Amino acid sequence: MNDPFAAPPDDTADTPAPAEHRTPSGTMGWLFEVWAEPKGRAIEVAPRTWQVTAGVVNVAVIETDEGLVLVDTAMRHDGPELLRLIRTVTDAPLHTVVYSHAHIDHAFGHGPLLAEAAERGDPPPRIVAHRAVMDRFRRYIRTADLNTTVNARQSGGPRTWWPRHETDIFWPDTVYDDTLTLRIGGENFHLHHARAETDDATWVWIPGRRVVCVGDLWNGVCPNAGNPQKVQRYADEWADAFDRIAAVGPDTLIPGHSMPILGAATIRERLGNAAELLRHIVAHTLDALNAGQRPDTILDTLRVPPHLADLPYLQPLHDRPEFIAANVIRLHGGWWNGYAADLLPAPREQLAAVLAELAGGADALAAKARDLIGDDLQLACHLAELAVLAAPDNTGAHEAAAEAFTRRFDAETSFMGRGIYRIAATTSREALRTLTTTRDSR
Ligand SMILES: [Zn+2]
């Protein structure tokens, strides 16, 4: 593809755009490659137990003597594919659906399964979730426009489907608080609440099969505990959840995305290292907060120990450690960034205009930005953004911003970061096209 910012083919939530630039600074590939590895497959991980991957979202399918238990149901548009894949391995009726959490890519794909149940004359399944799922769904309806915008910016795609009405949601009929044991087909399913990527997470331990289904508590890359555009996440408690999951001793782990993890020792080792990463980030952040440091310094001085940084399953391809630190700061210290002038700031455009005037015009700011691109891309991006804000009709400013943010996009490994840099670069590219057309038509 020629356009490095081409949109992905479908509407997605936390789903990445296809990676056109395949030269990340690491050697571990892109998020999309990690998540797409099991795509379109029903992998039998234990007897009568499958990881079914519709799109890039995993669904745990557990066949019991009473029918199927599903942990998660993928995205709405992947529903037909989910049904098709399930029916390649089992004809059992749907008995129970558990939501690992209520993200858009995990709790909306079972429309076709429900329609099939109705057609077959099967009773509708029970839907089970943590109590906080109800609040999340209600919040989704209140912020539908915000969330479609955020998800489009994350994925670089078009505005996405989002539930807008109560009838767009498959509401749970059973909720719980700390733990809940379901007995289905003579087997126990132990549901445990965790606060991690979300406040409504459930992991499901099936001792009779030694299988654990963890949803997005595991996604094959650095835990998504920092997403810059979404609500609070919980790195510390996530690490605790890793300990608890490891302690039950599963032989098989079905994650929300990426390949299943097989083998008790491997699971224990990976969960342990992920917990260590999160705790390292939390400790760095709290130590720095206690020492009176500001958020920008705290993020800038964060370093991941090499023995963790090199692990393929902790690569910053989705989220990144600095964003996790920012979320720890928000959790413990509020939203103020530590600069008094920013407490009740002037609109950034006004500040940019004054700085541009001091520099001798927006062209001078843009020129300095371009000078810095090779040496200090962070500073180059700051100056280019200020130049655009000071003079939104200035071609040089948009040229500098387009170049700086394209370079930043190229250098960034995280899906979350790339989405934001992509928008900055494409906005300036579009502005340049408009400015050129306007000039030519005069
Ligand atoms: Zn997910």
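## A walk through a two-domain zinc protein

The protein has 15 helices and 13 strands, and the model you are looking at is a predicted one. Let us start with the overall outline and then work inwards. The C-alpha trace extends over about 75 × 55 × 40 Å along its principal axes. For 442 residues, a compact globule would be expected to have a radius of gyration near 22 Å, and the 23 Å found here agrees with that.

Two domains are assigned: domain 1 covers residues 31–278, and domain 2 covers 346–440. Their centres, taken over C-alpha atoms, are 40 Å apart. Where the two meet, domain 1 brings 9 residues to the contact and domain 2 brings 6.

How much of the protein is buried? Buried residues account for 54% of the 442. The accessible surface amounts to about 19,000 Å², and carbon and sulfur atoms hold 53% of that area. The contacts tell us about the fold as well: of those between residues at least 6 apart in sequence, 68% link residues at least 24 apart.

Now turn to the metal. Which residues hold the zinc ion? Asp-105 and Asp-216 each coordinate through OD, while His-106 and His-257 each use NE2, with distances of 2.1 to 2.3 Å. Read along the chain, these donors follow the spacing D-H-x109-D-x40-H. Asp-105 sits in the loop between β5 (94–98) and α3 (111–120), and Asp-216 in the loop between β11 (211–215) and α6 (235–248), so this pair ties together parts of the chain that are 111 residues apart in sequence. Both Asp-105 and Asp-216 are buried.

The geometry of the zinc site deserves a look too. The angles among the 4 donor atoms run from 89 to 159°, and the site is irregular. The tetrahedral label would need all angles to lie between 85 and 135 degrees. For reference, four tetrahedral donors would ideally make angles of 109.5 degrees.

From the zinc site, move to helix α2, residues 79–87, where Gly-79, Leu-82, Leu-83, Leu-85, Ile-86 and Arg-87 are buried. The cover over these residues includes the strands β1 (42–46), β2 (49–54), β3 (57–64) and β4 (67–71), together with α3.

The loop leading from β4 to α2 contains Asp-72. Although Asp-72 is not a glycine, its phi is positive, at about 80°. With a relative accessibility of 1%, Asp-72 counts as buried. Ser-258 is another non-glycine residue with a positive phi of about 80°. You will find Ser-258 in the loop between β12 (252–255) and β13 (261–262), where its relative accessibility of 4% makes it count as buried.

Our last stop is Leu-182, in strand β8 (residues 179–184). Is Leu-182 buried or exposed? Its relative accessible area is 5%, so Leu-182 is buried. Beyond its neighbours within four places in sequence, Leu-182 touches Thr-96, Val-98, Arg-126, Val-128, Glu-187, Asn-188, Phe-189 and Leu-191. By contrast with these contacts, the C-alpha atom of Leu-182 is separated by 32 Å from that of Arg-279, which lies 97 residues away along the chain.

Definitions and conventions
Residues are numbered from 1 along each chain as its sequence is written. This is a predicted model: local features need pLDDT of at least 70, side-chain atom pairs count only at pLDDT 80 or more; totals for chains, interfaces and linings use all residues. Side-chain values use heavy atoms; hydrogens and water are left out. Donors are N, O and S atoms within 2.8 Å of the metal (3.2 Å for Na, K and Ca); water is not among the atoms, so sites may look incomplete. Four donors count as tetrahedral if all angles lie between 85 and 135 degrees; four count as square planar and six as octahedral if opposite donors are over 155 degrees apart and all others between 65 and 115; anything else is irregular. Helices (H or I, at least four residues) and strands (E, at least two) are DSSP runs, numbered from the N terminus. Buried means under 20% relative accessible area, exposed over 50%, partly exposed in between (1.4 Å probe, protein chains only). Contact means heavy atoms within 4.5 Å. The radius of gyration is taken over C-alpha atoms; the globule rule is 2.2 Å times the number of residues to the power 0.38. Accessible areas come from the Shrake-Rupley method with a 1.4 Å probe; for residues, only the protein chains shown count as cover. Domain bounds come from an automatic or database domain assignment.
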